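The report below goes through a structure piece by piece, from pairs of helices to the contact between chains. Please keep the sequence and the model in view while reading.

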Amino acid sequence: MRAVSGEMSGGTSDEGSGEGSQDGSGKEPGRRSGGRDDVPGRRSLYAAVAVRGFRRWATYRTATAAGVFTNTVFGLIVSYSYVALWAQRPHLGGYSQSQALTYVWIGQALLMTMCLMGGGFEDELMERIRSGDIAVDLYRPADLQGWWLSADLGRAVFHLLGRGVVPMVCGALVFPLALPGDAVTWLLFLAAVVLGAVVSFAVRFLVALSAFWLLDGAGVSQVVWLAGLFFSGMLLPLTVFPGWLGGLAQALPWAAMLQVPADVLLRRHRGLAVLPPLALQAAWALALLAAGRALQAVAARRVVVHGG
Amino acid sequence: MGEYGAVDAHGAAGEPGAVGAGNDAHMPGAMDAGYDTHVRDTVGAGSVAAVAEALRAYRLIVAMWVRSTMAYRASFVLTALGNFAATALDFVTIVLMFSHITTLGGFTLPEVAFLYGTTSTAFGAADLLLGSMDRLGRRVRDGTLDTLLLRPVPVLVQVAADRFALRRFGRILQGALVLAWSLARVDVAWTPAKVLLVPLMLVGGTAIFGAVFVCGAAFQFRAGDASELQNSVTYGGNTMLQYPPGVFARELVRGVTFVVPLAFVNWLPALHILGRPDPVGLPGWVAFCSPLVALLCCAVAGAAWRAGLRSYRSTGS
């Protein structure tokens with residue numbers, strides 16, 4: 001994943017941005033007296049960015065296949081350790097053994113979707129801040145946060161399909177998984193995944209903006225990544241965490257990235273009880289996006305563009 | 001599960017890139033000839049002097065990257081701590097598991113910690129020395145490998161030392177601390193042979209993981225995009241070896257014994273030390289074979305590397 005993300009910083013994004021802004025500004029003169037607030041034009045701009053975010057990752061098929069293989073291997077290894085754990089403590093954390101195993105494979109499916117291992121757009125954005133290319137980004141007739149959110153959601157959709165489905169199928173072939181049969185649960189799961197992806201983006205956007213002050217955001221990025229790895233429930237379901245640690249972990253934004261979607265799919269919340277976790281996700285998404293917007297406003301004022 | 005190498009994913013951005021990797025690799029037409037003699041130089045270097053020279057070059061390149069890393073000292077400290085913490089989280093996971101149980105797969109916490117400490121230390125050492133090799137695919141794709149072919153230093157050395165990441169020492173330290181803790185706690189009747197097995201395991205394990213890194217890099221000559229494939233063996237193998245072999249399906253254990261002999265990193269010697277039966281049922285003396293298996297792995301890795309390098313054709317750009 002390192003190689004892929006690294007390689008693509010640079011050329012591809014410029015290409016994407018070129019096309020994107022044509023979609024946006026190119027249509028504007030045709031509509032009303034439009035200008036920047038021309039809503040349909042701007043919406044199609046962000047949709048175009050998202051589509052290109054998807055395609056940009058879909059280009060690397062060998063890398064995707066290699067990633068799927070690695071996800072599957074890790075899923076197998078973790079599954080066996082969970083089998084040993086749940087064999088001794090059935091119903092640990094409120095999961096049956098097959099639910100615990102399903103949790104493992106949901107984790108593998110969402111690992112890349114939620115960028116729980118890092119390596120999303122933030123490295124690229126930080127590099128643009130460090131090199132000064134960010135000045136060009138701010139110059140564009142598109143909102144910085146909206147732009148990257150669209151691109152990142154496009155990527156997330158690709159990773160959900162490209163890196164999520166096959167490992168899940170492999171897991172279901174080897175282990176008895178507790179996957180629901182009704183469409184409503186799956187739709188709720190998708191909603192939880194979308195909200196989780198927005199939270200994931202919002203956190204990483206804040207991390208990326210730290211580069212305006214630190215120049216090298218690698219340290220911040222790593223610390224936040226670690227917190228995410230632990231508090232998302234990737235290493236162990238948060239419901240298995242003891243006492244206060246479990247309570248704290250389930251209230252933090254990272255729970256929105258894996259624990260909440262997994263619990264929705266595993267139907268831990270019956271009926272309307274599913275709404276509070278989804279509301280928590282939405283609240284974190286809004287709060288973090290707002291924080292990102294505020295920080296972006298402050299950061300943009302720091303940019304000094306030298307001529308030439 | 002400090003899996004997938006993402007521990008290092010962020011480091012690259014922080015390094016002042018331009019130091020070593022010149023992007024100005026415009027190959028002259030005579031490249032093929034120069035390249036061939038270079039390979040012969042590299043491969044034929046059987047003499048002690050050549051090895052010493054290669055090690056010296058490795059040391060020089062490493063020293064350069066260490067100096068370069070220190071240009072962003074705060075970032076280095078944070079990433080080294082992060083590396084330590086990332087691997088520590090693996091152990092925290094195991095401790096959290098043991099907050100609900102007393103034995104996992106028949107092993108107590110100190111025994112699992114012994115497995116964890118041995119594999120993490122060995123893997124950490126291999127990762128520090130050779131972990132940068134999975135960047136080879138990128139060099140093949142963008143053509144910067146050509147620059148390395150022109151230099152009078154073995155390509156393997158240059159690739160291994162490329163962007164040397166001192167922060168990875170965090171992983172070794174973390175593994176060693178857990179190992180020390182487990183040695184103090186584990187219930188073993190130590191004999192001289194068992195004491196000797198511990199350092200043998202660490203050295204052999206480092207060499208086996210190192211060989212996997214080199215094989216993975218060699219494979220990237222063919223499939224540059226597939227660098228993540230080797231993570232399933234390196235990071236995945238490391239995770240697997242942290243748990244008792246009895247936890248896993250028999251076929252999986254056979255696979256890491258006979259196909260990719262990771263079981264020799266710690267499982268087989270550790271089972272002997274802890275006095276546990278081997279689920280695959282190999283004879284007892286196998287526990288002492290780690291150094292031999294490591295040598296074999298290195299020979300295979302060397303051959304794979306040479307084959308890979310020979311098959312390299314520049315992108316021409």
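## Helix pairs, core and chain contact

H4(A) and H8(A) are oblique to each other, since their angle is neither under 35 degrees (roughly parallel), nor over 145 (roughly antiparallel), nor 65 to 115 (roughly perpendicular). This is a predicted model, in which local features need pLDDT of at least 70 and side-chain atom pairs count only at pLDDT 80 or more, while totals for chains, interfaces and linings use all residues. Residues are numbered from 1 along each chain as its sequence is written, and chains are lettered from A and ligands numbered from 1 in the order in which they are written.

Helices here are DSSP runs (H or I, at least four residues), numbered from the N terminus. Two packed helices are described by the angle between their axes and the distance between the axes. The axes are lines fitted to C-alpha atoms over the stretch in contact, with angles running from 0 to 180 degrees between N-to-C directions. The table sets out two such pairs.

| Pair | Residues | Angle | Axes |
|---|---|---|---|
| H4(A) and H8(A) | 61-88 and 144-174 | about 40° | 9 Å apart |
| H4(B) and H9(B) | 73-98 and 169-185 | roughly 40° | within 7 Å |

H4(A) passes H8(A) in a right-handed crossing (the near helix is turned clockwise from the far one by less than a right angle). Among the residues that make this contact (C-beta atoms, placed from the backbone, within 7 Å) are A:Gly67, A:Asn71 and A:Gly75 of H4(A) and A:Arg163, A:Val166 and A:Gly171 of H8(A). By class, the contact of H4(A) with H8(A) has 6 nonpolar, 8 polar and 1 charged residues (Ala, Val, Leu, Ile, Met, Phe, Trp, Tyr, Cys and Pro count as nonpolar, Asp, Glu, Lys and Arg as charged, and the others, Gly among them, as polar).

Helix H8 of chain A also holds A:Leu161, which is partly exposed, with 15 other C-beta atoms within 10 Å (20 or more would make a residue buried, 12 or fewer exposed). A:Leu161 and A:Ala109 are 52 residues apart in sequence, and their C-alpha atoms are 8.6 Å apart in space.

In chain B, the crossing of H4(B) and H9(B) is right-handed. Residues of H4(B) that include B:Phe84, B:Ala88 and B:Phe91 meet residues of H9(B) that include B:Arg171, B:Leu173 and B:Val178. This contact has 8 nonpolar, 5 polar and 1 charged residues.

How many residues does the contact between the chains take from each? Chain B gives 46 residues and chain A gives 42 residues. The largest share of the side of chain B that touches chain A, 11 residues, comes from H4(B), and the residues of that side divide into 24 nonpolar, 17 polar and 5 charged.

The largest nonpolar core (buried Ala, Val, Leu, Ile, Met, Phe, Trp, Tyr and Cys residues joined through C-beta atoms within 7 Å) has 173 residues, and B:Val214 is among those with the most contacts inside it. Helix H9 of chain A, residues 183-209, gives the most to this core, with 15 residues. Leaving aside its neighbours within four places in sequence, B:Val214 is in contact with B:Leu130, B:Met133, B:Ala301 and B:Trp305.

Helix H13 of chain B, residues 267-274, has 6 of its 8 residues buried, so it is largely enclosed by the rest of the structure. The cover over the buried residues of H13(B) includes H5, H10, H11 and H14 of chain B. H13(B) is followed by B:Gly275, whose phi is positive, near 70°.

Key. Contact = placed C-beta atoms within 7 Å. Helix = DSSP H or I, 4+ residues; strand = E, 2+ residues; numbered from the N terminus.
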